[in-house]
Amino acid sequence: MNLLELKPITTQMLKAVVELDQLCFGGLWTMAGYEREIDSPNADLLGLSLRGYPVLIGMGCLWAIVDEAHITILAIHPRYQSQGFGQFILLAMLRLAQKRGLERASLEVRTSNKGAIALYQKFGFKTAGIRKRYYSDTGEDALILWKGGLQEVEFVQNVTTWQQELRSRIVKDTGYQLRVH
Ligand SMILES: CC(C)(COP(=O)(O)OP(=O)(O)OC[C@H]1O[C@@H](n2cnc3c(N)ncnc32)[C@H](O)[C@@H]1OP(=O)(O)O)[C@@H](O)C(=O)NCCC(=O)NCCS
C-alpha cells in the first residue's frame, strides 16, 4: 500500500530536509539549523513523505513566540506541487498552533511569490505590512501576512473541515492513503 505520512521530522530525515531546502529555497537553512528546530521545544517541524522512499515531498516549520505562530518554512518538492500538499501542511501547522494555544499566525513571503500568497489568503491570511528589501539575495520586499483568531470556534471548526476535504481530495487524486502522526 502506498502511504503518505505527515509527521515530525527527526534527525534521520535531515539529509532529505536539506535537499528539499536546496530545491525550494536554494539553501535557506543549514543542516545544523534544521537540527536546532528538531531540538527546540518552541518549534514544530513537519515532513510529508511516502513510506519507504527517502525523498521528502514537503515540509513546514513554525515557531511559537509568546502567543504567535510564526511560520518560517513551507516547501513542497517541485515534482509534487499543485496537488494540495502545501495546503495540507499549512492546515496541519495551524492545527498544531491551535493545540499550543496560540492566538495568531504570521509569516513573511516574497512579494513576487503569487502562488504562496494565494495559498495563505485562501485560509484567511491578510497583509499586515511590508518589510522593505527583506531578502538580501535579490533585495526584494517581503509581505507580512497575518491571521488572527486561531482559537475562535468557527475557525477551529473550519480547519477541521478543510483538512477532511483536502484529505479526501488527495486520497482520491493520488490513490495513496494519508496518515497524520
Ligand atoms: C508555495 C508552495 C508551498 C505551495 O504548495 P503546493 O503544494 O504547490 O500548493 P497547493 O497545491 O496546496 O495549492 C494551494 C493553493 O494555493 C493556490 N496556489 C498554489 N499555487 C498557485 C499559483 N501558482 N498561482 C495561483 N494560486 C496558487 C491555490 O489557491 C491552491 O489551491 P487550489 O489547488 O485549491 O486551487 C509550493 O509551491 C512551494 O514549495 N514553493 C516553493 C517554496 C515557497 O515559495 N514556499 C513559500 C514560502 S512563504
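**Figure 1. Residues around the ligand in the predicted model.** In this predicted model, 20 residues surround the ligand, and Q81, G86, G115, A118 and L119 come nearest. Two or more residues of this shell are given by each of β4 (68-76), α3 (85-99), β5 (104-110) and α4 (114-122). The largest share is that of α4, with 6 residues. By type, the shell divides into 10 nonpolar, 8 polar and 2 charged residues.

**Figure 2. The ligand and the two domains.** The chain is divided into domain 1 (3-99 + 153-180) and domain 2 (104-148). Why is the ligand said to lie between them? Domain 1 and domain 2 both give residues to the shell around the ligand, so the ligand lies between the two domains. The C-alpha centres of domain 1 and domain 2 are 18 Å apart.

**Figure 3. The contact between domain 1 and domain 2.** Here 10 residues of domain 1 are in contact with 6 residues of domain 2. On the domain 1 side, β4 and α3 each supply at least two of the touching residues. The most come from α3, which gives 5 residues to this side. The touching residues of domain 1 divide into 5 nonpolar, 3 polar and 2 charged.

**Figure 4. The largest nonpolar core.** In soluble globular proteins, nonpolar side chains tend to be buried together. The largest nonpolar core of this model has 39 residues, of which L46, M59, I89, M93 and A97 touch the most other members. At least two core residues come from each of β1 (3-8), α1 (14-25), β2 (43-50), β3 (56-65), β4, α3, β5 and β7 (142-147). Which element gives the most to this core? It is α3, with 9 residues. Domain 1 and domain 2 each supply at least three residues of the core.

**Figure 5. Surroundings of I89.** Leaving aside residues up to four places away in sequence, I89 touches L6, L46, L48, G58, G60 and L74. I89 is itself a buried residue of α3, and L46 is, like I89, among the core members that touch the most others.

**Figure 6. Helix α3 and the residue after it.** Is α3 mostly covered or mostly uncovered? Mostly covered: 11 of its 15 residues are buried. The buried residues include F85, G86, Q87, F88, M93 and A97. At 1.5 Å a residue, the 15 residues of α3 should span 21 Å, and the end C-alpha atoms are 21 Å apart, so the expected and computed spans agree. Just after the helix, G101 takes a positive phi of about 85°.

Note on methods. Residues numbered from 1 in each chain as written. Predicted model: local features only at pLDDT ≥ 70, side-chain atom pairs only at ≥ 80, totals over all residues. Near = placed C-beta within 6 Å. Helix = DSSP H or I, 4+ residues; strand = E, 2+ residues; numbered from the N terminus. Nonpolar A, V, L, I, M, F, W, Y, C, P; charged D, E, K, R; others polar. Domains from an automatic or database assignment. Core = buried A, V, L, I, M, F, W, Y, C linked by C-beta atoms within 7 Å. Buried ≥ 20, exposed ≤ 12 C-beta atoms within 10 Å, placed from the backbone. Contact = placed C-beta atoms within 7 Å. Expected span 1.5 Å × (residues − 1).
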